[in-house]
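Biologist: Please take one part of this model and look at it closely, and then place it within the rest of the chain. I would like the cut-offs behind each term spelled out as you go.

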Amino acid sequence: MLNDEVAVQPEEQPLAGHIPAQDRQVRRLLDAGSFTEADAAFDELLAGGSNFVDNRWVRSTVLVHRALLAWRLGRIPLALELIAEGWTELDTQPPSGGSAAHTVSMLGFLLEGIGRRGPAMDLMSLAVQIARDSGDQPSLAHCELREGIARVFRAANHPEQAAHQFAAARELCEEAQSLAKPGRVKRSALACLARSLVGTGDVESAERVAHETITLSRDTSDGYATALANWVLAVIRRSQGVLTEARTFASRALESAENIHESFLMMRFSRELAEICKQLGDPVGEAAALRRAVTAAVSAVDILKEGLGQALEQRRVATQAQRMAMAAREAALRDPLTGLANRLGLERMAPVLLERNASAGRVPWLVLLDVDYFKEVNDFAGHTAGDVVLQEVANLLRRECRAGDLLCRWAGDEFVVLLVDAAEDSREAGPVVAERIRAAVNAHDWRLVLGRLDQKPTVSIGVAAGPHDLDQLFAAADIGLYKAKRAGRNRVENGTDLPEAQQQPDR
């Protein structure tokens, strides 16, 4: 099983100190062309959850690195998900330090790879500056390498930009290889430097550096640096007219790229090989190289199509799940019998409404009502009839209150109304609305629900105004309700400014 105790190699490990050993092991397997093993190792890595990151590591850096791994493994939906999550994590605070530099750099490199080149280079350049400011030389070297590789390929694919891009890449890679310790970063920086040296006209130095890269890569299973170095030698031999050797180097470059499943390199190198074969008058070799180019392109497009299709489906499922979760949260805030807000709903929504009332300079009112003689309804008409009474009271509250008021079944036969944005004079809104509610319940025809009952339901109501605090309003309204009950029921009493030490009523 993979773990953080992976044996340390006698060369610098890329991203050591920024990425867990399991993640780096997957990267090493990919770079060595061990695709099946890398795929299995990635599955093992994700067993605890694709977005689980131990708190020892910077979360955004690990997530974006996993997005790179997922992309290379053809798991596009996961890559897109991890990119988005990693980027969001990064946005929580200004980026600084080596880990942040790696995160920004990898984001730019990913965007470059999927064709979003507008922001890609800006991000990679920003990453170099962040790493430089942090004083973290290994991180600086790695960030410079990513930007250098991107510039080299832009130059190769866009001749009109070649001079500027090759010059910038040369400067980046010269510093990167000087800062990096022996290892993959240094080898790739040397290979990238060799290509930029060709682009800036120093062919002799470029060939020497390319051969040095191949020598350093021997016995290290470094397919990426080997592929780049052989491509450089193919470009040099082609420029010299030594086409047979150019074809050999281009074939080696393409084979190394295929071994590590780098579709971007595969497309670039297969086109290079096809052009060399065409110059050689080798139609068979040209056709074979073009087929490999098409295969690489089709493979990349198919992966992208499939991935985007899966991403859309995942988005649909996620949206549906989100709607269901929202519905569940909404249901948790509602009383199933009356459809009004429940106690939790009132406690969640009231502070927002009270704050809005305070901002508007309005006096808040809370109306607390209790159904009179409700125990008699349950005893003589049954609990089903009692439920219907509560539903009828809820309907009368809806009728007498405004759509913006918060209506709640607090508990049992108690209801709460929080008045917001009252149309009436805010100094009298509570008693006015409460009296409307009392009169509506008193005038309601209960015979269809209860038949002939000696004592029809009425409501006693306490109202309170004052502080924009739910607990204080509720306490004052409860005092008003106590007064209404003691004074004979079926009435409205104002509990504001009354002593709070009064005894609670027996309801």
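Modeller: A residue is called buried when its relative accessible area is under 20%, exposed when it is over 50%, and partly exposed in between, with a 1.4 Å probe and protein chains only. Helices (H or I, at least four residues) and strands (E, at least two) are DSSP runs numbered from the N terminus. The model is predicted, and local features therefore need pLDDT of at least 70 and side-chain atom pairs count only at pLDDT 80 or more, whereas totals for chains, interfaces and linings use all residues. Residues are numbered from 1 along each chain as its sequence is written, and side-chain values use heavy atoms, with hydrogens and water left out.

The part I have chosen is helix H5, in which 14 of the 16 residues are buried, and the helix is thus mostly covered. From its first C-alpha to its last, H5 reaches 22 Å, close to the 22 Å expected at 1.5 Å a residue, where the expected span is 1.5 Å times one less than the number of residues. An α-helix has 3.6 residues a turn, so residues three or four places apart point the same way.

Within H5, which spans residues 98-113, sits His102. His102 counts as buried because its relative accessibility is 2%. Leaving aside residues up to four places away in sequence, His102 touches Leu15, His18, Thr61, Ser139, His142, Cys143 and Arg146, a contact being a pair of heavy atoms within 4.5 Å. With one of these neighbours, Arg146, the side chain of His102 makes a polar contact through the other side chain at 3.4 Å. A polar contact here is a pair of N or O atoms within 3.5 Å; within protein, one must be able to donate a hydrogen and the other to accept it, and residues adjacent in sequence count only if both atoms are side-chain atoms. Another neighbour, Cys143, is buried because its relative accessibility is 0%.

That cysteine leads to the question of sulfur pairs. The whole structure contains 0 disulfides, a disulfide being a pair of cysteine sulfur atoms within 2.5 Å. The sulfur of Cys173 has its closest cysteine sulfur in Cys192, at 3.2 Å, and the two are therefore too far apart for a bond. Cys173 is also buried, because its relative accessibility is 0%.

Charged pairs tie other parts of the chain together. A search of the whole structure finds 25 salt bridges, each a side-chain nitrogen of Lys or Arg within 4 Å of a carboxyl oxygen of Asp or Glu. One of them joins Arg132 and Glu175, whose closest N and O atoms are 3.0 Å apart. That pair links distant parts of the chain, since Arg132 lies in helix H6 (residues 117-134) and Glu175 in helix H8 (residues 162-179), 43 residues apart. Arg132 is partly exposed because its relative accessibility is 37%, and Glu175 is partly exposed because its own is 26%.

Another salt bridge, 2.7 Å from N to O, is formed by the side chains of Asp222 and Arg187. Asp222 belongs to the loop between helix H10 (203-217) and helix H11 (223-240), while Arg187 belongs to helix H9 (residues 184-199), and 35 residues separate the two. Both Asp222 and Arg187 are buried. Asp39, Asp43 and Arg75, for their part, are linked in a network of salt bridges.

Towards the end of the chain, Lys483 and Glu493 form a salt bridge with their closest N and O atoms 3.4 Å apart. This pair brings together helix H20 (residues 470-486), which holds Lys483, and strand E5 (residues 492-494), which holds Glu493, with their positions 10 residues apart. Lys483 is partly exposed because its relative accessibility is 31%, whereas Glu493 is buried because its relative accessible area is 14%. The loop between H20 and E5 contains Asn490, which has a positive phi of about 50° although it is not a glycine.

For the setting as a whole, the protein has 20 helices and 5 strands, and 49% of its 507 residues count as buried. Of the contacts with a separation of 6 or more, 64% join residues 24 or more positions apart.
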